[in-house]
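The following paragraphs lead the reader through a predicted model. Please keep the sequence and the structure in view while reading.

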Protein chains: 2
Amino acid sequence: MSPAWISQFERDTGITHAGNGVFQGELSAAWAIGAVPNGGYVMAVACRALAAALDLPHPGSVTGHYLAPTEAGPVRIEIETMRRGRRISTAMARLIQGGQERVRFVGAFTDYAHSTGIDLNTASPPEISGLDQCVPMAELSPRPVAIHEQLIARLDPASATHWLQGHPQADTQLRTWLGFADGSDADVFSLPLFADALPPPLFRRLGFSGWVPTVELTVHVHRVPAPGLLRARFVTRHVTGGLLHEDGELWDSADRLVALSRQLAIIGGRRRDGEQRPAPE
Amino acid sequence: MSPAWISQFERDTGITHAGNGVFQGELSAAWAIGAVPNGGYVMAVACRALAAALDLPHPGSVTGHYLAPTEAGPVRIEIETMRRGRRISTAMARLIQGGQERVRFVGAFTDYAHSTGIDLNTASPPEISGLDQCVPMAELSPRPVAIHEQLIARLDPASATHWLQGHPQADTQLRTWLGFADGSDADVFSLPLFADALPPPLFRRLGFSGWVPTVELTVHVHRVPAPGLLRARFVTRHVTGGLLHEDGELWDSADRLVALSRQLAIIGGRRRDGEQRPAPE
């Protein structure tokens, strides 16, 4: 690759500063599920604006509240800086399309290159079969989904079987390889995308299909990922009255945890426009 | 108890609506660690304002970004309603003292009494010895802490020993009983308080002491707790460059999960006023 090579993800999350904390960009249909751009992809775009506004590279913690579905096309991001600190700075972002706020983000950013203090890790990366033995997500999907074209997403065979056929009362876990189909490496901004790229772990097992809109997604980035594919583990342990919680861990090729995620989503939720959407996978 | 009896928690989280989405209250020193009211207690106060503004009783997901330490005394909470939906409504709260914003909250509220859809739970409540065998948190603390006077917080003996002496590379977990010292039962608003009431699970084990300010705390309330004491499990699996993640689960006396929590905190962080604070326990 020449130095001028820009990945599709970089291109599709590019933003420009229009002044006064307002950023402009364009959401791409390439990262959509049906007509709606993936919520993690949209968070990635917002993270670029937040990082630029705060002049800090790493999203230590970002929460998004998804108020209305986004769509491919121009997007405006309005930043309000809330705090500038020695190690952590915090800002809010309103993501606006067609004059309507679609997502509200709040993020605490830092620079891990200047981090000092203890490191501790008592967890291990997920055990996943070799890439060749794993099942492409696209093969499990009943219909083509744009975002699958952009990603390497290969499920451990046990995980894939479990997802399709597993017993509903068992632990619902997906273990998968994740990366970009164009061969580019994951950066810190891509971690929210990867954290939200798969359907919920229990999606098929309960025999339902339907739209599973994200209500709230929080991603904690721990480190800049080493080059190479990521490994991820997604688990749903709790569903309450149709409200689903999904926990994710993303690990890099150097066996280091690079991000944690948690989201609250509505199973079979309705879109704001009242339309019942097809399954997201 | 007579019907007129009001618990200390209810009294100390009471708010009044001053009109236009502005609420007023008073933070109490009774729930402080040193001079700073507990972050979960402050979230409880904000949740009451958010619930009142949205006219929905249950905080499905609330995130707080702690920008500056709060203090005992008057507090003003300004609410911005972001979305009103069929099942979920979302609002933001600015918590202000002395003209300065101290904490920013965003919350998605719901009414579980009207929830429909599947329930699933694959996790189990923590195994904890009987209350009499457990160790009061106050006995483990090197100095009196106001909030300990208000709470029943008794650690499983294995958990307490582990916390004091455990090996730093082992999993860092605290299992504890939690409740109110005045005998009142936990309600949904108290769950953020309980989720943040203990020092981090690895606090003593790494031999450090110092202020561990919360950067961001997210609490997902699942259910209204049944009467009786709560049981909780707190785990820290990851610390990166002094940034600590703590996961919590709160279970009720009917063996049901009532809340999940996750927080990002800085080990040995400095207060905004530059003062290095004593240990929070």
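Helix 2 of chain B is largely enclosed by the rest of the structure, because 14 of its 16 residues are buried. The model in which this helix is seen is a predicted one. The length of the helix can be checked against expectation: at 1.5 Å a residue, the 16 residues of helix 2 of chain B should span 22 Å, and the end C-alpha atoms are indeed 22 Å apart. Directly after helix 2 of chain B comes D55(B), which has a positive phi, near 55 degrees.

Two residues show how the helix is set into its surroundings. V45(B) belongs to helix 2 of chain B, which covers residues 39-54. Is V45(B) buried or exposed? There are 30 other C-beta atoms within 10 Å of V45(B), and since 20 or more are required for a residue to count as buried, V45(B) is buried. Beyond the residues up to four places away in sequence, V45(B) touches T13(B), I15(B), G25(B), L27(B) and V75(B). L67(B), by contrast, lies 22 residues from V45(B) along the chain, and the C-alpha atoms of the two are separated by 16 Å.

The second residue is A46(B), which, apart from neighbours within four places in sequence, is in contact with I77(B), A93(B), L95(B) and F105(B). The largest nonpolar core has 159 residues, and those that touch the most other members are A46(A), L50(A), A46(B) and L50(B). In soluble globular proteins, nonpolar side chains tend to be buried together.

I15(B), one of the contacts of V45(B), leads to strand 1 of chain B, which comprises residues 15-19. This strand is hardly covered, for none of its five residues is counted as buried. Strand 1 of chain B pairs with strand 2 of chain B, residues 22-27, in the antiparallel sense over four bridges. Within this pairing, G19(B) has V22(B) in strand 2 of chain B as its bridge partner. The two strands form a hairpin with two residues between them, and N20(B) in the turn has a positive phi of about 55 degrees.

Attention now turns to chain A. Helix 2 of chain A, residues 39-54, should also span 22 Å at 1.5 Å a residue, which agrees with end C-alpha atoms 22 Å apart. In chain A, 14 of the 16 residues of helix 2 are buried, so this helix is largely enclosed by the rest of the structure. D55(A), which follows helix 2 of chain A, has a positive phi near 55 degrees.

How can chain A be laid on chain B? A turn of 180 degrees with a shift of 0.0 Å along the axis achieves this with an RMSD of 0.0 Å. That is the relation of a two-fold axis. The C-alpha of chain A nearest the axis belongs to T63(A), at 3.8 Å from it.

The contact between the chains takes 53 residues from chain A and 53 residues from chain B. Strand 16 of chain A gives the most to the side of chain A that touches chain B, with five residues. The residues on that side of chain A divide into 21 nonpolar, 21 polar and eleven charged. Because 100% of the interface residues of chain A are also interface residues in chain B, the copies meet through the same surface.

Strand pairing also crosses between the chains: strand 9 of chain A and strand 14 of chain B, residues 230-240, pair in the antiparallel sense over two bridges. There, L120(A) stands opposite V239(B) in strand 14 of chain B.

Terms used:
Residues numbered from 1 in each chain as written. Chains lettered and ligands numbered in written order. Predicted model: local features only at pLDDT ≥ 70, side-chain atom pairs only at ≥ 80, totals over all residues. Buried ≥ 20, exposed ≤ 12 C-beta atoms within 10 Å, placed from the backbone. Contact = placed C-beta atoms within 7 Å. Least-squares fit on C-alpha atoms with pLDDT ≥ 70 in both. Core = buried A, V, L, I, M, F, W, Y, C linked by C-beta atoms within 7 Å. Pairing = 2+ DSSP bridges. Expected span 1.5 Å × (residues − 1). Nonpolar A, V, L, I, M, F, W, Y, C, P; charged D, E, K, R; others polar.
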